[in-house]
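Visitor: I am new to reading protein structures, and I would like to go through one slowly with you. Could we look at it together, one question at a time?

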Amino acid sequence: MGGSVTITLHRCISCCNVPAAASPMTEVRRRRCLPCPMQPHPVLRFRRKHSVAAGAKVADDGARQRRPSDGEKGLLSGNPAGFHPSIWGDFFLHYDNPASPVQQTLMEERARALKEEVAKMISSSSTSSLPERLHFIYVLERLCLDYLFDEEITGMLAQISNADVNDCDLHTVAMWFYLLRIHRYRVSPDVFGKFKNEEGRFVWQNPRDLLSLYNAAYLRMHGETILNEAISFTERELKSMIPYLEQDGPFAREINRALDIPIPRRVRIYDAKYYISIYENDTTVDRMVLELAKLNSNLVQIRHQQELKILTRWWKDIRLQADFSFSRDRIVENYFWMVGAYFEPCYSRARIILTMVMATTVILDDFFDSYGTSQECDSFTKCIEWFCTVETIGVVEYNPVGPLSLKYPWDQKEAQDLPNNIKLVLKKILQNYKTIEDHLGPHEKHRISYLRSVVVDVVRAYNMEVKWRDERYVPATVEEHLRVSARSGACHLLSCASFVGCSEIAAKESFEWVSSMPKMVHALCKILRLSDDLEESYEQGQMILDVASIMDSCMKEYNVSMGSARKKIKELIEESWMDINEEWLNKHDKAQPKELLERIFNLTRTMEFMYKQGDALTTSHAVKGTINSLLVESFTNI
């Protein structure tokens with residue numbers, strides 16, 4: 001069966017058991033639309049999206065009508081929403097890494113030996129200067145080697161946290177502040193006060209001071225005025241010096257990348273190969289560390305390729321069994337996205353399960369956005385509600401020429417209201433969650449009930465947006481909009497799903513917490529929705545009917561222009577990031593384990609990356625180069 005998964009345990013170079021593989025995926029919401037024969041409201045601006053091909057009609061009440069069905073040629077036989085086909089196809093299904101099994105074994109042996117040597121270097125670094133120790137940790141993290149030396153780095157940070165930085169330069173203090181906060185030490189920003197002169201400007205000696213302060217300040221929390229001032233000052237200064245730097249030089253590139261996305265918000269695994277190339281030509285390079293970074297990159301890539309091969313096979317099978325032509329074919333991009341949440345080999349099972357949930361959510365998103373009629377969306381929602389609230393999901397038996405047969409009773413009327421092809425879509429979605437449940441241990445089965453409850457919440461939000469669209473309803477305030485649209489982004493579903501495949505550290509209390517939409521998860525949901533809507537293009541004149549965006553509600557609430565609304569949305573994004581930072585540093589008695597909070601932090605970083613590209617999941621050419629670098633290209637000059 002297409003949904004079945006085989007998991008084999010392997011040993012990674014960090015000496016942890018790793019499930020090598022397998023299963024399906026999920027996604028975050030992007031709203032699409034229909035051609036509308038009616039003129040849009042003269043004031044409101046609706047988002048222009050991928051329009052449905054000719055043939056979809058809008059009834060007098062705005063509800064979509066069904067396309068040609070059961071053998072008729074038209075939308076159903078093609079791509080109704082106009083999504084471009086998969087860039088990758090079956091590439092990873094047939095791809096074999098150029099390193100032979102013997103070569104892979106030799107790489108693993110060499111990596112283990114280098115790991116032991118670098119661990120000794122870390123231990124002996126306790127006598128090094130503070131700037132040297134800070135730089136060493138920073139390098140290991142940018143190279144994505146830190147997970148191999150977790151205990152050693154934890155010990156170093158405990159020592160560094162007590163260091164006296166009063167006599168240190170700005171770069172050192174900024175690096176100290178950045179590394180401690182990124183590791184959940186709640187250090188005070190007052191350490192930067194001594195670098196301000198009488199005019200309130202920061203005093204710096206070289207451009208590196210500015211860049212380090214700029215990056216460190218983005219770990220700010222609410223009320224930290226000095227960090228707000230630091231960002232404004234350093235951003236202005238860094239932009240002014242760019243024309244005077246060597247444009248292709250490493251420092252100019254570092255500045256440009258940081259101005260695009262500051263380091264605390266960057267997805268480390270996406271940047272790792274870029275930083276390896278920078279480090280290789282740095283005057284402080286350690287050849288042993290560099291070799292380990294390249295070997296580890298190749299070995300982690302092999303693991304990712306194995307997982308993606310299994311996921312591609314699953315995705316191909318599931319698309320052959322049901323008509324998903326209305327949905328985006330993005331298994332590789334979904335996996336790439338979820339690798340940003342956790343790239344380490346020991347999270348193999350968790351990564352695969354998260355990708356399965358991601359893929360299924362993309363299907364749901366596209367069904368509500370661009371395929372189902374209003375009535376079908378209502379019926380579909382009720383079916384999902386029933387199936388996801390029963391104790392055990394029933395197996396749906398489907399006969400394309402006969403009635404829908406179920407092993408468990410359900411609301412037959414709602415089910416029978418759905419066309420046969422939609423019933424099959426429903427079947428495959430439910431089977432996917434059953435597959436996930438089957439691959440959890442007996443003591444982990446309870447996790448799926450939390451996942452199902454959040455699925456219901458997401459689907460209800462999707463359906464509410466269908467009603468908004470049909471009624472051309474514009475929420476009166478941003479807050480009202482977010483009560484639905486933050487949930488339709490499905491980030492709380494991804495947050496919950498990111499815990500499902502984790503180790504015993506994901507206890508029942510953690511699932512109670514993550515499924516209750518806590519502050520950190522809500523901030524993630526808001527960042528996705530606000531970033532998505534901010535990147536949308538707005539056009540006056542002939543528009544395409546779609547859900548009113550956050551921008552529309554912002555202009556309506558504050559009675560301001562689009563430019564002012566965009567500024568307000570950017571402020572809300574920054575406030576949400578401060579919520580993320582605050583929750584990350586909030587180490588109270590009931591705080592969740594760092595390993596779990598980091599999943600949410602990393603998911604937030606992936607949102608920043610993906611939506612900086614526009615909508616990289618829908619128009620995935622924007623991330624093809626990064627995917628190729630991460631999952632195909634390997635180091636040969638080791």
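Visitor: How many disulfides does the structure hold?
Guide: Before answering, please keep in mind that this is a predicted model. A disulfide needs a pair of cysteine sulfur atoms within 2.5 Å. Cysteines are present here, among them Cys-383, which is buried with a relative accessible area of 1%, and Cys-554, which is buried at 0%. The number of disulfides in the structure is nevertheless 0.

Visitor: Which residues have the most contacts inside the largest nonpolar core?
Guide: In soluble globular proteins, nonpolar side chains tend to be buried together. The largest nonpolar core of this model has 197 residues. One of its members with the most contacts touches Leu-364, Phe-367, Phe-368, Leu-418, Ile-422, Leu-426 and Ile-429, when neighbours within four places in sequence are left aside, and that residue is Phe-380. The residues with the most contacts inside this core are Phe-192 and Phe-380.

Visitor: Is helix 17 largely enclosed or largely open?
Guide: Helix 17 covers residues 478-488, and its buried residues include Val-478, Glu-480, His-481 and Leu-482. These buried residues pack against helix 16, helix 20, helix 21 and helix 22. Because 8 of the 11 residues of helix 17 are buried, the helix is, with respect to the rest of the structure, largely enclosed.

Visitor: Which residue just after helix 17 takes a positive phi?
Guide: Helix 17 runs over residues 478-488, so the place to look comes after its last residue, Ser-488, which is among the buried ones. The phi angle in question is about 70°, and the residue that takes it is Ala-490.

Visitor: Is Asp-552 buried or exposed, and which backbone nitrogen lies 2.7 Å from its side chain?
Guide: Asp-552 lies in helix 21, which covers residues 550-558. Its relative accessible area is 3%, and because buried means under 20%, Asp-552 counts as buried. A polar atom of the Asp-552 side chain lies 2.7 Å from a backbone nitrogen, and that nitrogen belongs to Ser-549.

Visitor: Which helix gives the most to the lining of the largest cavity?
Guide: The structure holds 5 cavities of 30 Å³ or more, and the largest has a volume of about 140 Å³. This cavity is lined by 14 residues, of which Ile-269, Ala-272, Ser-297, Val-300 and Leu-630 lie nearest its centre. Helix 9 and helix 10 each supply at least two residues of the lining. With 6 residues, the helix that gives the most is helix 10.

Visitor: Which helix gives the most to the lining of the second largest pocket?
Guide: The second largest pocket has a volume of about 570 Å³, and among its 21 lining residues Leu-534, Lys-570, Glu-574, Glu-608 and Lys-612 lie nearest its centre. The elements that give two or more residues to this lining are helix 7, helix 8, helix 20, helix 22 and helix 23. The one that gives the most, with 6 residues, is helix 22.

Visitor: What is the length of the polar contact that joins the side chains of Lys-594 and His-183?
Guide: Lys-594 is found in helix 23, and at 30% relative accessibility Lys-594 counts as partly exposed. Although Lys-594 and His-183 are 411 residues apart in sequence, their C-alpha atoms are 8.9 Å apart in space. Lys-594 touches His-183, Arg-184 and Trp-584, not counting residues up to four places away in sequence. The polar contact that joins the side chains of Lys-594 and His-183 has a length of 3.3 Å.

Terms used: Residues numbered from 1 in each chain as written. Predicted model: local features only at pLDDT ≥ 70, side-chain atom pairs only at ≥ 80, totals over all residues. Heavy atoms only, no water. Core = buried A, V, L, I, M, F, W, Y, C linked by side-chain atoms within 4.5 Å. Buried < 20%, exposed > 50% of the residue type's maximum accessible area, 1.4 Å probe, protein only. Contact = heavy atoms within 4.5 Å. Helix = DSSP H or I, 4+ residues; strand = E, 2+ residues; numbered from the N terminus. Polar contact = N/O pair within 3.5 Å; in protein donor to acceptor, adjacent residues only side chain to side chain. 1 Å grid on protein atoms, 1.4 Å probe; cavity = no way out; pocket = protein on both sides within 12 Å on 5 of 7 lines; lining within 4 Å. Points joined across faces, edges and corners; volume = space filled by probe spheres on them.
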